[in-house]
Each structure stands twice: as structure tokens, then as C-alpha cells.
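Morning, everyone. I'll take you through a few spots in this one, loops to begin with, then helix packing. Please bring the structure up.

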Amino acid sequence: MQQIRASVAGEFDQVNQLIIQQLQSNVPLVENVGHYIVDAGGKRMRPLLTLLTAKALGACSAGHVTFAAVIEFIHTATLLHDDVVDVSQLRRGRPTANSEFGNASSVLVGDFLYTRAFQLMVQLDNIEILQHMADTTNTIAEGEVLQLTRAGNAGTTEQDYIDIITRKTAVLFAAACYGAAVLSGTDAVQAESLRRFGLHLGLAFQMIDDMLDYAGDADTMGKNVGDDLREGKVTLPLIHILRTGTADEQALVQRAITERSAAELDAISEAVRRCAAIDYTRERAREHHDLAVAALAGLPAGPALEALQQLTRLSIERDH
């Protein structure tokens, strides 16, 4: 990631400084919870996408730095809300904000981050971006509700799964790139290509994330392995077992999903391997990786384009 950030290192530091500045509040708890989750680090992939897209199109402006902070605030708000809904206890290798400060504080500070993001967007004075981000944030909220309604439902199809992760994850990746293109003043065709790039990158990224819940380990990932099962989430590895596994394997997975239990995680992880669900998920992620790379075809050669290509490759080769 350090190598990928190199071409926008200065701008990336400006984004981090702006985030810290914009966390200031007259209410101490807002700052405490906000700093707790922001200081935990993370890949910062979404704001990085904004900066790299801008650099690939010519240069990063102050507006791009502001927009990158907007993207990170919206992402962080979704994490705060997700962890409350999912009753998660571990994120990025340490207790979640809701574990440390309580559910009410996490939800309300998440609301603060959403509204702070829109305050920053108003400063950009760009109605197209404001409209697009309003639509994007609404879509993310719909995705959260859709995932909640499908939790514990072993009849969830692969198309249902794609719809959920498109709304929950991929649309913010897409918005990070599309907004950067709009701020750069590029034409509508190029902006749409970059939106598609972000969308397919986000889909590949989430598929690998879901795969790692059965192929990774807690220390490497910074979260508890098996969380998806405990939350009743029907992800692609499980869908593959439900389609191709033996009757016993299908019954095992159905029981775990409907009971929202990770009690038989070891047996399910073994079934995931036996049914080649890891390979299947990687293959589907690779398809979206290839579509993402193809969408970059109109960008000029240079360090920023190479960084975007490396970031896309990293999305499917990572182990956390």
C-alpha cells in the first residue's frame, strides 16, 4: 500500500489532516468515538481511489482532497452502524467502537459523520456531486436494510448476494472514482468508465472479504473468523456449497445460516474447501477484477494509472 500511495503521498497526508480537523466538536464524546475508529487505521482504499483517479486525470486539487475526506467519513459512518447492527466485537484488530462506547454512542456519532460529510460536500459547490452522493448514501442504506432482511435466509441466491454487495460496498467505490472525475472536469464517457471501474473493484474486494471469513485467520484479518455465520449472512462461498455440496453439506450450511450460529465453523470451513468454494469465489472476483482493469483503458500511462492497476490486483490477492 505504501508503494501504491507514493504518487499521491502529499495529498493523502492532507486528507488525513482534514479528517482530524473535521472531527472537532463541542461534544467531547463525538471526538472520542470519531478518533477511536479513524485512528484505528485501515487501508483507506476509498479516499485513495479518489486521489489516484484525480492524479491519473491530471492533478489533485483541494476539491479532490475534500471529496476524499467525504468518502472516508461516509465509509466510517457505515462501519459504526454496521458494527452495531451485526453486534461485532472486533475490527482492525481491536474492540469495535460499540464495544468500547456502547451502541447508542456509535449510532449517533455515525450520524455525525454522515452529516459532516454533507457539510464538506456543500463546500465543493457542485450539484452533480451532491446529487450523486445523496443517491449513493441512500443506496448504501437500502443495502444495509436488504442485507438485514436476507439474514438467516438460506434461500438467498447469488444474484441476491450481488445486489446486496453492490449496494453496501461497490457503490461507494464507484462514487469515489466518479466524483474525482467530475471534479477533474472530464467528459461524461470517461466519468462513466471510472464509475464502472470503481464498481467492479468494489465487487471484487467484497467477494474476497467474504471468502476470507472462511479462509483467513483472526490475527491477520483483525476481525473474528466466522462473524458472517453468527450474523446469518449468506455470502458467495456458502451459496456455492448450497448449490454444489452433498446433501449433508447443504444441510450443515442451511442449519448454520438459519440458526445464525458459528458452532460448526470448522466443519463448514472444511466443506468450503471440499466444494472448491474458495476457488469459485476467487474466480468470480477475478472476473470483476478484469472488468475493472478494462475500464481504465482510457487513462494515460503514468504512476497513477499503475497504482490503480496495482490496487485492483491487490484487492483479489490480499489475505486481510
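Start at Asp125, in the loop between α7 (103-124) and α8. This is a predicted model, so keep that in mind throughout. Asp125 is not a glycine, yet its phi is positive, about 55°. Most residues other than glycine have a negative phi. Is Asp125 buried or exposed? Exposed, because its relative accessible area is 71%.

Now Val87. Again we have a residue that is not a glycine with a positive phi of about 55°. Look for Val87 in the loop between α5 (62-85) and β1 (90-91). With a relative accessible area of 58%, Val87 is exposed.

From Asp125, step into α8, residues 127-150, and find Thr136. Thr136 has a relative accessibility of 5%, and the cut-off for buried is under 20%, so Thr136 counts as buried. What does Thr136 touch, leaving out residues up to four places away in sequence? Val171, Leu172 and Ala175.

Next, the core. The largest nonpolar core has 102 residues. Which of them touch the most other members? Leu49, Ile74, Met133 and Phe197. As for helices, α9, residues 158-184, gives the most to this core: 14 residues.

Take Ile74 from that group. Setting aside residues up to four places away in sequence, Ile74 touches Tyr114, Ala117, Met121, Met133, Thr137, Ile140 and Leu172. Note Met133 in that list, since Met133 is another of the residues with the most core contacts. Note Leu172 as well: Thr136 touches Leu172 too.

On to helix packing. The first pair is α4, residues 45-56, and α10, residues 188-215. Their axes come within 12 Å and cross at roughly 150°. That makes α4 roughly antiparallel to α10, because angles over 145 degrees count that way. The crossing of α4 and α10 is right-handed.

Which residues make this contact? From α4 we have Met45, Arg46, Leu49 and Thr53. From α10 we have Leu194, Phe197, Leu201 and Phe205. By class, that contact has six nonpolar residues, one polar and one charged. Leu49 and Phe197 have come up already, among the core residues that touch the most other members.

Stay on α10 and zoom in on Leu201. Leu201 counts as buried, because its relative accessibility is 0%. What does Leu201 touch, again not counting residues up to four places away in sequence? Leu49, Phe173, Ala292, Leu311, Thr312 and Ser315. Now compare positions along the chain. Leu201 and Asp290 are 89 residues apart in sequence, but their C-alpha atoms are separated by 9.1 Å.

One more pair: α14, residues 247-259, and α15, residues 265-274. The axes of α14 and α15 come within 10 Å and cross at roughly 135°. α14 and α15 are therefore oblique to each other. Is the crossing of α14 and α15 left-handed or right-handed? Left-handed.

In this contact, α14 supplies Glu249, Leu252 and Ala256. α15 supplies Ala267, Ile268, Ala271 and Arg274. The classes are five nonpolar, no polar and two charged residues.

That's the tour. Over to you for questions.

Conventions. Residues are numbered from 1 along each chain as its sequence is written. This is a predicted model: local features need pLDDT of at least 70, side-chain atom pairs count only at pLDDT 80 or more; totals for chains, interfaces and linings use all residues. Side-chain values use heavy atoms; hydrogens and water are left out. Axes are lines fitted to C-alpha atoms, for helices over the stretch in contact, and angles run from 0 to 180 degrees between N-to-C directions. Helices (H or I, at least four residues) and strands (E, at least two) are DSSP runs, numbered from the N terminus. Angles under 35 degrees count as roughly parallel, over 145 as roughly antiparallel, 65 to 115 as roughly perpendicular and the rest as oblique. A crossing is left-handed if the near helix is turned anticlockwise from the far one by less than a right angle, and right-handed if clockwise. Contact means heavy atoms within 4.5 Å. Ala, Val, Leu, Ile, Met, Phe, Trp, Tyr, Cys and Pro count as nonpolar, Asp, Glu, Lys and Arg as charged, and the others, Gly among them, as polar. A nonpolar core is a set of buried Ala, Val, Leu, Ile, Met, Phe, Trp, Tyr and Cys residues joined through side-chain atoms within 4.5 Å. Buried means under 20% relative accessible area, exposed over 50%, partly exposed in between (1.4 Å probe, protein chains only).
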